[in-house]
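This report walks a new reader through a few parts of one structure. Please keep the sequence and the view open while reading.

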Amino acid sequence: MQANIEMVKALLDPGRKVVVLTGAGVSAESGVPTFRGQDGLWKTHRAEDLARPDAFAARPELVWEFYNWRRTLVAGCEPGPAHLALAAMERLIPNFLLITQNVDGLHGQAGSRKLVEMHGSLWQVRCTVCTHAREDRSALPPLPECPVCGHLLRPGVVWFGEPLTPGVLRLAVAQLRDVDVFLSVGTSGLVQPAASFHQLARDHGAVTVEINAEPTPSTGLMDFALHGPAGVILPEMVPGTAS
Ligand code: OAD
């Protein structure tokens, strides 16, 4: 049902356990393009067509060009009011977890610590052959090589069709089986397994809330929905963060 901010704010009691799932919409106001729609186009390519292992196998230089473009773009972005409000929410609610599908690192930059980056990070690179992995914020060459074995490096993100990092799904499921309030923020709810999190939480008794710029396929399945910019709605819910 359509809610007002006060109704949802009242749910965010420090005695409750709160899990928040975020997607690209929380970073839109920081200038990071979302994945779908016109925004998701890079040159003539859809982001979804490049974030895939088969695309990387076929045209690694093109996929690396896309990721190097995204890294440069995101390096110039700052956390926005939605990121800052979620970091403040974590400080107010002892039993809190933030699960993000975003790879831009902006939640961590905003101060979120109880954070799971379920699709990895733009700032991680790893070898396609050996176990080498590292954080790297530098400008990378068009086809970066592993310093250990010389093979090609790849972005440390989860691509379509790839499994999540071991343990991430287990942690998320365990948390969602025991949560009082579940917020889904700035995600189209089209990509599994994150798209099922609200249902899992609801099946285990949680109140579920969608905060998104527009209705999504999940809207009708949520207890409450608030539609508008996350950077306006979230600060209104967290004392001391509205401008
Ligand atoms: P999408 O681009 O699919 O959806 C972003 C959602 O945010 C849309 O529903 C927008 O309406 C909404 N939105 C845009 N601006 C907003 C704002 N200011 N405030 C609130 N909402 C806003 O992105 P995700 O749902 O994050 O995965 O996509 C999920 C996954 O699909 C991504 O992590 C990525 C992807 O392709 C992989 O790469 C594996």
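Which residues does His107 touch, not counting residues up to four places away in sequence? In this predicted model, His107 touches Thr22, Val26, His83, Leu86, Leu98, Thr100, Asn102, Ser112 and Leu115, with residues up to four places away in sequence left out of the list. His107 is found in helix α7, which covers residues 106–110, and because its relative accessibility is 2%, below the 20% cut-off for buried residues, His107 counts as buried.

A second helix, α8, spans residues 168–176 and has Val168, Ala172 and Leu176 as its buried residues. Seen down the axis of α8, these buried residues fall within an arc of 55°, so they line one face of the helix. What covers them includes the elements in the table below.

| Element covering the buried residues of α8 | Residues |
|---|---|
| β1 | 18–22 |
| β4 | 96–100 |
| β5 | 115–117 |
| β9 | 181–185 |
| α9 | 197–203 |

Elsewhere, 3 strands form an open sheet with antiparallel pairing, in the order β7-β6-β8. The edge strands, each of which pairs on one side only, are β7 (133–135) and β8 (153–157), and the twist averages 35° from one strand to the next. Strand β6, residues 120–127, pairs with β7 in the antiparallel sense over 3 bridges, and Arg126 has Ala133 in β7 as its bridge partner. Helix α5, residues 60–75, packs on this sheet, where it touches β6 and β8, and the direction of α5 makes about 140° with that of β6.

Key: Residues are numbered from 1 along each chain as its sequence is written. This is a predicted model: local features need pLDDT of at least 70, side-chain atom pairs count only at pLDDT 80 or more; totals for chains, interfaces and linings use all residues. Side-chain values use heavy atoms; hydrogens and water are left out. Buried means under 20% relative accessible area, exposed over 50%, partly exposed in between (1.4 Å probe, protein chains only). Helices (H or I, at least four residues) and strands (E, at least two) are DSSP runs, numbered from the N terminus. The arc is that of the directions from the helix axis to the C-beta atoms. Contact means heavy atoms within 4.5 Å. Two strands pair if DSSP finds at least two bridges between them. Axes are lines fitted to C-alpha atoms, for helices over the stretch in contact, and angles run from 0 to 180 degrees between N-to-C directions.
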